[in-house]
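Hi everyone, thanks for coming. I'd like to walk you through one structure today, a piece at a time. Have a look at it first, and then we'll start.

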Amino acid sequence: MPQTRHRTVGVNVGKIQVGGGAPVVVQSMPNTDTADIASTARQCLELAQAGSELVRITVNVPEAAAAVPEIKKRLLDAGCDVPIIGDFHYNGHVLLTKYPDCASALDKYRINPGNVGHGQRRDEQFATICKVARDHGKPVRIGVNGGSLNQELVMLKMQENTDKDYGKTSEEILNECMVLSALQSTELAIECGLRKNQIIISCKVSRPGDLIAIYRDLAEKTDQPLHLGLTEAGMGAKGLVWSAASMGILLEEGIGDTIRVSLTPRPGGDRRDEVYAACELLQSLGLRTFAPSVTACPGCGRTTSSTFQELAESIQVYIRDKMPEWKQYHEGVEELKLAVMGCIVNGPGESKASNIGISLPGTGEAPRCPVYIDGQKFTTLEGTYDELSAAFQALVNDYVATKYPKRETPLPAMATSTSATPTSGAAGARSRLRVIA
């Protein structure tokens, strides 16, 4: 956990504060067509339930702008008051002006200064968006992207580097332009009537080394809240590793007030994966606690059975499904620690170090699974995978119910669009399981 946080101004985005000493905020973005109101509202709700505290939606065409108020209404009707951010490129000045209900419904506007126009028109159109934000009392994110950087500024700095023989590399010049664009745009936004506590900054690139260098520079030159993220992290392991390697370093240095892990989903993949990744990143650094953690061994020649892997995966999914309900009724349940281990080498030790831990038998070991609760052996289970899974889920449910105080006033319930794993099945299966004291 970082010793000190970079001090920034606090900016309120709906009900959420970004910067000003507030916890680092997780955000995400649906990949639906915003004009498809039902699909977009559903995915926004799913992202919020997964842990996204801000949700940004594309507002690119008139149909999308017209859909925003109804999307916001459907979320509120579902009990979800997650702040909604409008992502504008090229024509934001037009859409926000022609669709005032959209401007009013959104909780923040994202402006990319690299693509709001050219020359004098760029400043005029940028100013138009800022004035709409000022008049509606909305914050903005000035979001500079490496792939859409102001080319006039780049050419100017390239020529200056040549004329004055500074000897800078093209990468250094581009990084310098990113920071300069963000700072100059912030000054223009303030000139247009926005206050410092209405402006968040980002300078997103696709390479970890550049991201680290840019944000270290930004942190020295501004006290505006900073949004972290690689603009195109990539798919799977590559996207996860590159995001964690870059943002983890910056967060450990105290830099960053809100983050997005921009993963490319597989076709038909789950958009919530990027939310889970962002939550795990913050939790791994000790900055936030979102959900119970599951320790699981990687497996080796001692663990030729796949049962421990299946059990670790199923309990992780189960926790995610149950968290909306648990958080509503049980204070502190995010601190729960679980362990699913595959053999006798580290199994009992890791299990004892968790609130609830199970040690499955490795190759050649007796087919019994000791379970430890708060460091003490509680019981031993054996049976099929389905029986083990149901029994372990039941033990977790019982622990949550008895160890975490029930809130006197439950948090507001959020309607769900996905079904959770039923607890009744776990309880029923437990009665069929052979339990050895």
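**A helix and its surroundings**

The buried residues of α5 are covered by elements that include α3 (92-98), α4 (100-105), β6 (108-111), β7 (140-145), α6 (151-163) and α7 (170-191). Before I go on, please keep in mind that this is a predicted model.

So which residues of α5 are buried? They are Arg 122, Gln 125, Phe 126, Ala 127, Ile 129, Cys 130, Val 132 and Ala 133. Here is a bit of background for reading a list like that: an α-helix has 3.6 residues a turn, so residues three or four places apart point the same way.

We can also check the length of this helix. Helix α5 covers residues 119-136, which is 18 residues, and at 1.5 Å a residue it should span 26 Å. The C-alpha atoms at its ends are 27 Å apart, so the two values agree. Just after the helix comes Gly 137, with a positive phi near 65°.

Now let's take one of those covering elements, α7. The axes of α5 and α7 are 9 Å apart, and the two helices pack at an angle of about 60°. That angle is why we call α5 oblique to α7. The crossing of α5 past α7 is right-handed. If you want to find the contact on your screen, look for Asp 123, Phe 126 and Cys 130 on the α5 side, which meet Ser 185, Leu 188 and Ala 189 on the α7 side.

**A second pair of helices**

Let's move along the chain to α8 and α9. Helix α8 is residues 208-221 and helix α9 is residues 236-252; their axes are 9 Å apart and the packing angle is about 20°. With that angle, α8 is roughly parallel to α9. Here too we have a right-handed crossing, as α8 passes α9. From α8, the residues Pro 208, Leu 211, Ile 212, Tyr 215 and Arg 216 take part, and they meet Trp 242, Ala 245, Ser 246, Met 247, Ile 249 and Leu 250 of α9.

Does the length check work out or fail for α9? Its 17 residues, at 1.5 Å each, should span 24 Å, and the end C-alpha atoms are 23 Å apart, so it agrees. The buried residues in α9 are Gly 239, Ser 243, Ser 246, Met 247, Gly 248, Leu 250 and Leu 251. Among the elements covering them are α8, β9 (227-228), β10 (234-235) and α10 (273-284). After α9 comes Gly 254, and its phi is positive, near 85°.

**Two residues to look at twice**

We've just met positive phi values at glycines. Most residues other than glycine have a negative phi. With that in mind, try Tyr 90, which is not a glycine and yet has a positive phi of about 70°. You'll find Tyr 90 in the loop between β5 (84-88) and α3. Tyr 90 is exposed, because its relative accessible area is 59%.

Another one is Asp 374, again not a glycine, with a positive phi of about 50°. Asp 374 sits in the loop between β16 (369-373) and β17 (376-382). Its relative accessibility is 37%, so Asp 374 counts as partly exposed.

**What about the cysteines?**

How many disulfides does a search of the whole structure find? Zero. Take Cys 192: the closest cysteine sulfur belongs to Cys 130 and is 4.9 Å away, which is too far for a bond, because a disulfide needs the two sulfurs within 2.5 Å. Cys 192 is buried, at 8% relative accessibility. Cys 203 is in no disulfide either, with its nearest cysteine sulfur, in Cys 177, 11 Å away. Cys 203 is buried too, with a relative accessible area of 0%.

**One last residue**

Let's finish with Val 205, in the loop between β8 (199-204) and α8. Is Val 205 buried or exposed? At 9% relative accessibility, Val 205 counts as buried. Setting aside neighbours within four places in sequence, the contacts of Val 205 include Gly 146, Met 178, Asp 210, Leu 211 and Ile 214. For a sense of distance, Val 205 and Cys 343 are 138 residues apart in sequence and 43 Å apart in space, C-alpha to C-alpha.

Thanks for listening, and I'm happy to go back to any of the views.

Key:
Residues numbered from 1 in each chain as written. Predicted model: local features only at pLDDT ≥ 70, side-chain atom pairs only at ≥ 80, totals over all residues. Heavy atoms only, no water. Buried < 20%, exposed > 50% of the residue type's maximum accessible area, 1.4 Å probe, protein only. Helix = DSSP H or I, 4+ residues; strand = E, 2+ residues; numbered from the N terminus. Expected span 1.5 Å × (residues − 1). Contact = heavy atoms within 4.5 Å. Axes fitted to C-alpha atoms, helices over the stretch in contact; angles between N-to-C directions. Parallel < 35°, antiparallel > 145°, perpendicular 65-115°, else oblique. Left-handed = near helix turned anticlockwise from the far one by under 90°.
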